[in-house]
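I opened the model today to look up one residue and the strands around it, and then one helix. My notes follow the order in which I checked things.

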Amino acid sequence: MITQRAMLAAVHISIWTATKYDRKVSRDVASQHGAQERAGRYNKQLLMGAARLEELRTLAGQIRQYFYKVTLPWSDEGLRLLSSHFLFELSERMREFKANFSHGVEEFLDVYPGYIREARAELGSLFREEDYPSVDKLREKFSVNVEILPIATGDDFRVTMSAEEQARIAREIDANVRQRLSKGSEDLWKRLRAVVGHMVDRLSEPESRFHATLVTNIHDLVSLLPQLNVNQDPDLDRFATQIRERLCNCTAQELRKDDSRRSATVAEAAGIVAEMDEVLESRIPQNSTVPVEMPELSGILAHMTAYMGESVAL
């Protein structure tokens, strides 16, 4: 059962925005231009160039990026599907993230008075001492929390009502769960096709530059995919295996230095994209996935051959 293989999770990150709506300035600007006050809002940047605060925002982005990497979409309210395989890892990583975040908050608060002195000079007559919370109040505006919830199914519905009505609502709940699981699988297909399609795009342009992540991003995804595939889509597992075996044998540096390996790899990648599109097209009546149009493999090889002045072998 899906309730034994996965759960729901949400990450909640709170950071002080360091902005303040200035009603007086907004009113003055509107008056100068003969406009109504509601025509615009003037929001002050209370701290400009506050490096410690910027570091916290960067860390918050890294936390969200990791969370999205190991989870799949579930609801518009921020809940995402978490495979039970990742529960321990997520808990450990979030413990580390929270410790780093708390440390970063304290570092920011240590220099906060200095930032206020700088803001006084930068804001001029717009500076208001009362816009700046005390250190204790400010500390409360920063937090990182993870919420873990079970997946509700029709069997969990216990409200007292007629058996017929209860069965109907239970069926609706189960249908909703199936639909959201399908969306999670669809997200995995998109991720997988995107990284392989990106490889085709970069390698098929002989003069294009690419980084090590061209290969490592693919390797990372196919390593995670078996655990992320909580809907147990066999085609996803099959493609993950193929991609690992056919596209992850060379580093980006090797692909840059060896044209023949580059040509062979882009041919493999284009072939896999074509195979994925065939599978996705066969599923269109069942879901909304629409394959992205890719150049034909023959066109890619012809383009590279023309540039290299030699035959490109498959």
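Which residues does R80 touch, not counting residues up to four places away in sequence? I list M7, L8, A9, F67, Y68, T71, L72, P73, W74 and R191, where contact means heavy atoms within 4.5 Å.

I note that this is a predicted model, in which local features need pLDDT of at least 70 and side-chain atom pairs count only at pLDDT 80 or more, while totals for chains, interfaces and linings use all residues. Residues are numbered from 1 along each chain as its sequence is written, and side-chain values use heavy atoms, with hydrogens and water left out.

I then looked up the charge of R80: the residue is buried (under 20% relative accessible area, 1.4 Å probe, protein chains only), yet R80 has no salt bridge, that is, no side-chain nitrogen of Lys or Arg within 4 Å of a carboxyl oxygen of Asp or Glu. The nearest side chain of opposite charge, D187, is 4.8 Å away, whereas the backbone oxygen of Y68 is reached by the R80 side chain at 3.5 Å.

I placed R80 in strand β5, residues 80–83, a strand being a DSSP run (E) of at least two residues. β5 pairs with β1 in the antiparallel sense over four bridges, pairing requiring at least two DSSP bridges, and S83 is the bridge partner of A6.

I followed β1 (residues 6–14) further and found seven of its nine residues buried. Seven bridges join β1 to the antiparallel strand β6, residues 143–149, where N145 stands opposite H12.

Key
Buried means under 20% relative accessible area, exposed over 50%, partly exposed in between (1.4 Å probe, protein chains only). Lys and Arg count as positive and Asp and Glu as negative; His and the chain ends are not counted. A polar contact is a pair of N or O atoms within 3.5 Å; within protein, one must be able to donate a hydrogen and the other to accept it, and residues adjacent in sequence count only if both atoms are side-chain atoms.
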